[in-house]
Amino acid sequence: MTVVTRFAPSPTGFLHIGGARTALFNWLYARHCGGKFLLRIEDTDRKRSTDDAVAAIFAGLEWLGLDWDEEPVFQFSRADVHSGAANRLLAEGKAYHCYCTQEELEEMRAKAKAEGRPMRYDGRWRDRDPSDAPEGVPPVVRLKAPQDGETVIDDLVQGEVRFANEQLDDMILLRANGTPTYMLSVVVDDHDMGVSHIVRGDDHLTNAARQTLLYEALGWDVPAFAHIPLIHGPDGAKLSKRHGALGVEAYRDMGYLPEAMRNYLLRLGWGHGDEEVISTEQAIEWFDLDAVGRSPARIDFAKLENLNGIYIRNSSDEQLFGHVVPVIENALGRSLGDIDRNRLSTLIPSLKERAKTTLELFENARFLFMYRPLELDEKATKLLTDEARSVINTLLPVLADLSEWTPESTEAAIRQFADDQSLKLGKVAQPLRAALCGRTTSPGIFDVLDALGRDESLARLGDIAN
RNA sequence: GUCCCCUUCGUCUAGCGGUCUAGGACAUCGGCCUCUCACGCCGAAAACACGGGUUCGAGUCCCGUAGGGGACGCCA
């Protein structure tokens with residue numbers, strides 16, 4: 001059997017992190033099995049669906065590197081097919097018209113609540129003669145679902161889950177205005193798209209039971225289900241905006257790399273022995289639904305950051321440079337000229353050892369793009385005492401006399417200088433750092449000198465010495 | 001409230017009856033390295049929710065309890 005999975009978001013907002021993980025698991029499973037990963041946009045709620053959201057979902061998936069097979073299906077465009085299925089059930093006597101008013105349903109709900117029961121439609125039109133139909137009330141179409149027995153979901157993640165059919169009432173297939181409901185659309189679409197494995201959040205577990213009934217009524221094979229636990233916020237509660245229910249593009253803007261994000265999401269609820277840093281190739285090879293945990297996982301930004309740092313360090317200099325230039329240009333509000341680019345690319349190897357996000361990398365590189373005379377931060381100002389300035393003063397001609405300007409040559413000269421002056425290297429390096437970077441932390445000082453170049457370095461030192 | 005699911009260090013997890021005095025990772029705290037900050041390395045503290053069974057033996061199986069989550073729409 002060819003495995004076909006799908007990701008079916010409703011375009012009512014950005015692609016949030018929970019959806020991203022669901023998409024990732026679907027994608028991984030399809031790739032692992034050599035099957036297909038399809039995309040369906042569930043835009044049947046016309047009021048809440050927007051084109052912007054559709055675009056955001058596409059962009060989010062692309063950013064994460066989750067490519068889908070075939071053209072995306074837009075659910076709303078298939079409304080006729082969906083209602084056709086409902087009409088077929090009607091003709092076969094497996095569905096019926098219900099003329100209940102909203103008020104009647106409200107009453108049922110209130111009564112159920114008062115009696116401590118869940119709201120269940122009482123089936124009052126189930127076997128009633130259609131000739132009883134009230135004038136001018138447009139009916140909904142309901143499924144004539146079995147009233148006893150049980151429906152069993154053999155879930156790849158949750159195991160065998162049983163629901164008593166009496167708890168599953170006659171769900172609405174077609175609304176009074178004739179449009180199909182979610183429950184109907186999903187089943188018809190998944191069937192028509194040939195979906196073999198439905199991987200989705202476990203908030204859909206009860207829906208799986210209802211949908212199973214629908215599959216059976218329609219005479220279709222029931223696909224395999226895999227209901228994965230939801231992601232929770234750091235506090236264990238539902239994901240809130242404050243706690244990470246952001247669009248994936250927000251994570252991009254916070255300086256995370258898509259590969260790191262993917263790795264992190266993968267490890268949330270799934271593990272492979274002691275493996276932590278897992279390449280996409282390995283993930284595809286190792287991923288399987290039966291290893292997905294059943295308990296919800298909390299998002300942990302510290303771990304995400306740590307992983308991101310690992311991916312930054314493992315990036316090639318060229319790759320990282322490409323990632324970081326737009327981040328910097330965006331933060332700086334100007335584009336980088338050749339000089340800026342050269343300085344940045346020289347310092348990248350050193351910069352990437354000390355940043356957990358590309359945003360942090362920018363902060364650490366910021367001094368490269370500042371204009372003279374440098375604005376010194378508080379600590380740098382404090383560090384540049386008269387004594388420190390005189391060290392720079394004495395060192396300046398030594399550096400100016402260097403015939404060659406490389407990390408090796410400046411290091412040799414400065415170490416020699418410190419030796420001659422009976423100073424510890426730190427006593428020379430720290431003032432240099434403050435003068436060159438305007439702050440007391442930076443990449444290795446010889447790399448800084450190298451990146452800035454001879455002229456700029458000497459000029460910045462001169463600004464301080466005088 | 002009803003139904004369903006879940007419960008190993010603070011967090012993510014390994015563990016699929018004996019090899020568990022419970023392993024790894026992040027975070028935390030020490031130390032080393034060192035021109036600062038990082039990286040790296042070494043080390044410490046830190047968990048089987050509780051109560052009953054089953055078994056020669058339970059983190060691992062069963063049943064309760066407690067706690068957490070999800071579902072109960074003419075939303076998806």
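Let's start with R109: at 38% relative accessibility, this residue counts as partly exposed. The cut-offs make that easy to follow, because buried means under 20% and exposed means over 50%, with partly exposed in between. R109 is found in helix α4. If you look for Y121, you'll see that R109 and Y121 are 12 residues apart in sequence and 8.5 Å apart in space, going from C-alpha to C-alpha. Please keep in mind throughout that this is a predicted model.

Now let's step back to the whole chain. Chain A has 19 helices and 12 strands. How spread out is chain A? Its radius of gyration is 31 Å, well over the 23 Å that the globule rule gives for 466 residues, so chain A is more spread out than a compact globule. You can see this in the dimensions too: the C-alpha trace spans about 105 × 45 × 40 Å along its principal axes. As for burial, 50% of the 466 residues of chain A count as buried.

Next, the RNA. There are 67 residues around RNA strand B, and G116, R175, G269, R433 and S442 come nearest. Which parts of the RNA does the protein meet, backbone or bases? Of the RNA strand B atoms within 4 Å of the protein, 72% belong to sugar or phosphate, and the rest belong to bases.

Let me show you three contacts, one at a time. At R298, a backbone N or O atom lies 3.1 Å from a phosphate oxygen of RNA strand B. At K303, a polar side-chain atom lies 2.9 Å from a base nitrogen of the strand. And at Q430, a polar side-chain atom lies 3.1 Å from a sugar or linking oxygen of RNA strand B. The elements that give two or more residues to the surface near the strand are α4 (102-114), β7 (159-164), α6 (205-218), β12, α10 (301-314), α17 and α18 (445-452). You've met α4 already, as the helix that holds R109. Which element gives the most to this surface? That is α17, with five residues. By residue type, the surface near RNA strand B divides into 21 nonpolar, 23 polar and 23 charged residues.

On to the aromatic rings. The structure holds five aromatic pairs, and I'll pick out two. In one of them, F58 and W68 are stacked, at 5.4 Å centre to centre with 25° between the planes. Why does this pair tie separate parts together? F58 lies in helix α2 (residues 51-64) and W68 in the loop between α2 and β3 (73-74), so the pair connects parts that are 10 residues apart in sequence.

The other pair is W270 and F287, which is tilted: 5.7 Å centre to centre, with 40° between the planes. This pair links distant parts of the chain, 17 residues apart: W270 is in the loop between α8 (258-267) and α9 (280-286), and F287 is in the loop between α9 and β12 (297-298). Are these two rings' residues buried or exposed? W270 counts as buried at 3% relative accessibility, and F287 counts as buried at 0%. They have company as well, since F25, W270 and F287 form one aromatic cluster.

There is also a charge over a ring for you to find. The charged end of R46 sits over the ring of F76, 3.8 Å from the ring's centre.

Finally, a few backbone details. A cis peptide bond joins R372 and P373, with omega at about -10°. P373 is found in the loop between α13 (358-365) and α14 (378-383).

Two residues have a positive phi although they are not glycine. One of these is E70, with phi near 65°. E70 lies in the loop between α2 and β3, the loop that also holds W68. At 48% relative accessibility, E70 counts as partly exposed. S422 has phi near 55°, again a positive value in a residue other than glycine. S422 is found in the loop between α16 (407-420) and α17 (425-437). At 67% relative accessibility, S422 counts as exposed. And α17, you may remember, is the helix that gives the most to the surface near RNA strand B.

That's my tour, and I'm happy to take questions.

Technical notes. Residues numbered from 1 in each chain as written. Chains lettered and ligands numbered in written order. Predicted model: local features only at pLDDT ≥ 70, side-chain atom pairs only at ≥ 80, totals over all residues. Heavy atoms only, no water. Phe/Tyr/Trp six-rings, centres within 6.5 Å; stacked < 30°, edge-to-face > 60°. Helix = DSSP H or I, 4+ residues; strand = E, 2+ residues; numbered from the N terminus. Buried < 20%, exposed > 50% of the residue type's maximum accessible area, 1.4 Å probe, protein only. Lys NZ or Arg CZ within 6 Å of the ring centre and 35° of its normal. Near = heavy atom within 4 Å. Polar contact = N/O pair within 3.5 Å; in protein donor to acceptor, adjacent residues only side chain to side chain. Nonpolar A, V, L, I, M, F, W, Y, C, P; charged D, E, K, R; others polar. Rg over C-alpha atoms; globule rule 2.2 N^0.38 Å.
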